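Work through the following exercises with the sequence and the model side by side. Each task is followed by a solution that proceeds in steps.

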Amino acid sequence: MLLDIRNLTIAKDTPTGRVNVLERVNLQINEAEIHTLVGESGSGKSLIARAIMGFLSSSWHIQADRLWFEEQDLLNLSAKQRREIIGVDVAMIFQDAKSYLDPNLTIGEQLQEAVLDQDLSGGFWNRRKQRKERVIQLLHRVGIKDHSAMIESYPHELSEGAAQKIMIASAIAHRPKLLIADEPTSTMEPATRQQIYRLLAQFHARHGMSILLISQDLGAIMKETERLTMIYSGQIMESGSTRELLDAPHHPYTEALLNTSLYQQAQRPPRSRLPTLAGTEPSMQHLPIGCRLGPRCAYARPKCVQTPDFTKKRDRGFACHYPLHLEDDA
Amino acid sequence: MKPLLDVRDLTKTYVQRSGLFKRKKIEALKPTSFTVEAGKTLAIMGANGSGKSTLAGLISGAIQPSQGQIILNGQVLHADNYRQRAQHIRMVFQDAEASLNPHLTIGDQLEEPLRFNTGLNQKQRRERTIHTLQQVGLLAEHMVFYPHMMSTGQKQRVSIARAIILNPQLLVADEALATLDSSVRAQIINLLLDLQSDLKMSYIFISQSPEIVRHLADDVMILKEGDILEHGHVDDIFNDPQHRYTQSLLLSELNSA
């Protein structure tokens, strides 16, 4: 198990009292696995990523039974120890790649900063040259052939796809064990998105890198995804292998998201009304008690005001009192 | 039947200085002609930089054309006559967050187009605002809300309400669904379909998603580098695309997977 999160609760103080933005989140990622976390905007999926990376400020209250990375408890480490682990073994790329690059430095200079000292050998007189060679090597790895032009460019000269490739290049400079990709392609056009996904899949296959992909939409996930976790409004709804989850969702939320995905939409007659969840997602100030999907769920019954436990069945898990597509073979 | 919108040889060129005396002409949109009939939807597809948004800007009057005419209901639209245009052609933008004014309540924002373009008094404006909010599935209470109090889907509903409040004949939606969550996107698609059948509006719909275009549009126009590559009925173009470029645009990620 590369990453093991059990009952992670993240709370924030608001004028009306403390609110559990994330509630008892479970997430497990194995070595060399592509895991996709799917949730709509504001569901707390980026918050999980930021909690793993340790980006959260002290105004967030983090509690967890486990937040383990490679058997190390991240919550009990000092900031420095944690940085030594996370800084080398975990990397993260973001949605708006351009805004994460320094506009004042050329791409070459920025990538040189990402090169680790232990990759360089020999005396100090060699290092400059070696750094530059390593940068060129990184650029080639992410599929940029014209490295000399790229090294001289500034971020504003790049297209979105190219900027994301630079982010990936600097992320893989450390040879991380886990890459967290927070909606890396959601603003890209389909052809560029495919390119970026292909690139990520390549690193996964060649170097056994695990990827935690965060996505808004079931339609936009990588086709190599092995496991899916669905999150709604800070609660994990369901997780399991991609194939099983999409074929027979246990949770009404998974079913609803599947129904509204573009893939399903393409199967429906043109100009027909689409099935969707009623209402809007709850705001942080007015979270429903119990299962947070309750007020929007087509199958909700009175019992749903109690938070359902996260039930595990074989390698699937779900949090629902009345799961769908469940054969009673116990 | 006479078309609602008739666009003739619409062109936009930008001039860029590329030296002390040298000037380079960039053709953002080459001469383009097409028509849209009442109650129909025209979808415009193309990669980034193909002139889609330029065309939307030209039709809605945000960009001045270099050449060409836009004729709405037999009337030539003049580039600087915003009053004439604002009544009949309205626009919905991609980013609802950025297109709403954070300092005004939803009620005030919806009232503005009525104040500028109609002779309604305060009471009538209020009634019209409430009616429009209900049309897009919001409540009268939302009038006192500020944009930050609403979710993204609700904000997109408000920007649609702002667009339809003057009972326009044509709605231009520039990637209006691209950033929405899938459940909200389905809600907005349903809303657009309902509004079209109720109000007989025409849509010009700019999108990169073949699934959405197939679902909503009657006609499709494929743009490449400011040029119309293909233009025809949805079924014809989707079933038998003539150009490789069109094929690559229509290639959905899901089908290729």
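**Exercise 1.** Find the residue of β2(B) that stands opposite V7(B), and describe how β1(B) and β2(B) are joined.

*Solution.* In this predicted model, V7(B) has F34(B) opposite to it in β2(B). Going outward from this pair, one finds that β1(B) and β2(B) run antiparallel and are joined by 10 bridges. The connection between the two strands is a hairpin, in which five residues lead from β1(B) to β2(B).

**Exercise 2.** Place this pair of strands in its sheet, state which strands form the edges, and identify the helix that packs on the sheet.

*Solution.* The sheet is open and has four strands, which follow the order β2-β1-β4-β5 in chain B with antiparallel pairing. Its edge strands, each of which pairs on one side only, are β2 (23–36) and β5 (75–76) of chain B. For the pairing of β1 (residues 5–17) with β4 (residues 67–72) of chain B, the count is five bridges, and the two strands run antiparallel. Within that pairing, T11(B) has Q67(B) of β4(B) as its bridge partner. Helix α1 (residues 52–60) of chain B packs on this sheet and touches β1, β2 and β4 of chain B, while its direction makes about 65 degrees with that of β2(B).

**Exercise 3.** Describe the hairpin formed by β9(B) and β10(B), paying attention to the backbone of its turn.

*Solution.* Strand β9 (residues 219–224) and strand β10 (residues 227–233) of chain B run antiparallel and are joined by six bridges. At the turn, K224(B) stands opposite D227(B) of β10(B). Two residues lie between the strands of this hairpin, and E225(B), which is in the turn, has a positive phi of about 45 degrees.

**Exercise 4.** Judge how compact chain B is for its length, and give its overall dimensions.

*Solution.* Begin with the secondary structure, which in chain B amounts to 11 helices and 10 strands. The radius of gyration of chain B is 19 Å, which is close to the 18 Å that the globule rule gives for 257 residues, so chain B is as compact as a globular protein of that length. Along its principal axes, the C-alpha trace of chain B spans about 55 × 50 × 45 Å.

**Exercise 5.** Work out the order of the eight-stranded sheet of chain A, then locate its edges and the helix that packs on it.

*Solution.* This open sheet of chain A runs in the order β7-β8-β9-β3-β10-β11-β13-β12, and its pairing is mixed. The edges are β7 (90–93) and β12 (311–313) of chain A, each of which pairs on one side only. If direction is ignored, neighbouring strands of the sheet are turned by 20 degrees against each other on average. Inside the sheet, β10 (residues 227–232) and β11 (residues 235–241) of chain A pair in the antiparallel sense over six bridges, and M230(A) stands opposite E238(A) of β11(A). Helix α6 (residues 160–172) of chain A packs on the sheet, where it touches β7 and β8 (178–182) of chain A, and its direction makes about 170 degrees with that of β7(A).

**Exercise 6.** Classify the packing of α3(A) against α4(A), and list the residues that make the contact.

*Solution.* Helix α3 (residues 107–114) and helix α4 (residues 124–141) of chain A pack at an angle of about 105 degrees, and their axes are 9 Å apart. Because angles of 65 to 115 degrees count as roughly perpendicular, α3(A) and α4(A) are therefore roughly perpendicular to each other. G108(A), L111(A) and Q112(A) of α3(A) make the contact together with R131(A), V135(A) and L138(A) of α4(A). By class, the residues of this contact are three nonpolar, two polar and one charged.

**Exercise 7.** Characterise the side of chain B that touches chain A, and state which helix gives the most to it.

*Solution.* The count of residues in contact is 24 for chain B and 27 for chain A. On the side of chain B, α6 (152–164), α7 (182–199), α8 (210–216) and α11 (253–256) each supply at least two residues. Of these, α7(B) gives the most, with eight residues. The composition of this side of chain B is six nonpolar, 13 polar and five charged residues.

How values were computed. Residues are numbered from 1 along each chain as its sequence is written. Chains are lettered from A and ligands numbered from 1 in the order in which they are written. This is a predicted model: local features need pLDDT of at least 70, side-chain atom pairs count only at pLDDT 80 or more; totals for chains, interfaces and linings use all residues. Two strands pair if DSSP finds at least two bridges between them. Axes are lines fitted to C-alpha atoms, for helices over the stretch in contact, and angles run from 0 to 180 degrees between N-to-C directions. Angles under 35 degrees count as roughly parallel, over 145 as roughly antiparallel, 65 to 115 as roughly perpendicular and the rest as oblique. Two residues are in contact if their C-beta atoms, placed from the backbone, lie within 7 Å. Ala, Val, Leu, Ile, Met, Phe, Trp, Tyr, Cys and Pro count as nonpolar, Asp, Glu, Lys and Arg as charged, and the others, Gly among them, as polar. The radius of gyration is taken over C-alpha atoms; the globule rule is 2.2 Å times the number of residues to the power 0.38.
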